[in-house]
Amino acid sequence: MSDAPGLRGVVARILPFSAVDGPGNRAVIFLQGCDFNCHYCHNPETRSLCVHCGICVPVCPTKALSQESVPVSEEAPYGLRVSWDPSQCINCGACIAACPHDSSPKARTMSPTETLAAIAKYKPFLSGITVSGGECGLQPEYLEALLVASRAAGLPGLVDSNGSLDFSLWPRLVDAAEGFMLDVKAWDEDEHQALTGLGNVMVKANLRFLLEAGKLYELRTVIAPGLFDAEKTVREVAAILAEKDSRVRYKLIRFRPQGVREAWRDSPQPDEPTMDRLAAIARDAGLSSVIVV
């Protein structure tokens, strides 16, 4: 299958193997860019596109980053372009730590064919791919083409999404996907707005749409004490899952400080009794697959 002319996506990174991003052993393709700004974001470097300011270049210990002068443009507002040489990179994270823009100089623009070629040598060991982010729904044309190509190559594709894209408007994308893993950050609209910077009307609509379509593989909620009413969120989500399909996995994820912005690293983590109580609420609602991680 050939790519549509000019169809390319911005890929933050590719993880060749993962046992926690869907069933089996999967390659995970993280796309760059996210419309949510979650306080507890664990991948803040995937939120924004690189503005090529050059701050990261001198901190790279292996000189994997370089910069050149270019005409000032929307893509290069500082008149610089930063380039990344993966053959020199040791993935130390120094550039990510130095970036003040929630971005990464290592994001690449790739076609669906190029993306699948990057994991081709791992294919005999893979159960499929999972497309994550950032928020992969911000690049729907690329996401759709990648899922179609991946399915044709014998690698079923899961979509890991915050639910901000109206998936009902993308039937070919939904059909090509093996399933969806949907985040429900908070049930209350105001709490969701305070936590992420955006409302959750579309998230709730996608929850119902994907359930009706039989495409919801997993629903997840990060439990972050003090940031939203976790008990209300779990009760509301569990009630909908129990009504529509009680077999859908509901994963309750403990907030952990690893990878979050410095301002949120001292935020409290939920204790075991809290996680056990929330899991019991979901199970008592009739859900058969409640997972605490």
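**Helix 7 against strands 9 and 10.** In this predicted model, helix 7 (residues 230-244) lies across strand 9 and strand 10, and runs at about 165° to strand 10. Helices (H or I, at least four residues) and strands (E, at least two) are DSSP runs numbered from the N terminus, contact means heavy atoms within 4.5 Å, and angles run from 0 to 180 degrees between the N-to-C directions of axes, which are lines fitted to C-alpha atoms, for helices over the stretch in contact. Residues are numbered from 1 along each chain as its sequence is written. Local features need pLDDT of at least 70, side-chain atom pairs count only at pLDDT 80 or more, and totals for chains, interfaces and linings use all residues, while side-chain values use heavy atoms, with hydrogens and water left out.

**Pairing of strands 9 and 10.** Strand 9 (residues 216-223) pairs with strand 10 (residues 249-254) in the parallel sense over 6 bridges, where pairing requires that DSSP finds at least two bridges between two strands. I223 has R254 of strand 10 as its bridge partner.

**The open sheet and its edges.** The sheet is formed by 9 strands in the order 5-1-2-6-7-8-9-10-11, with mixed pairing. Strand 5 (108-110) and strand 11 (290-292) each have a single partner strand, so one side of each is left without a neighbour in the sheet. From one strand to the next, the twist averages 30°.

**Surroundings of N206 in helix 6.** N206 belongs to helix 6 (residues 201-212) and is buried, with a relative accessible area of 1% (buried means under 20%, with a 1.4 Å probe and protein chains only). Leaving aside residues up to four places away in sequence, N206 touches G163, S164, L165, D166, F167 and L182.

Terms used
Buried means under 20% relative accessible area, exposed over 50%, partly exposed in between (1.4 Å probe, protein chains only).
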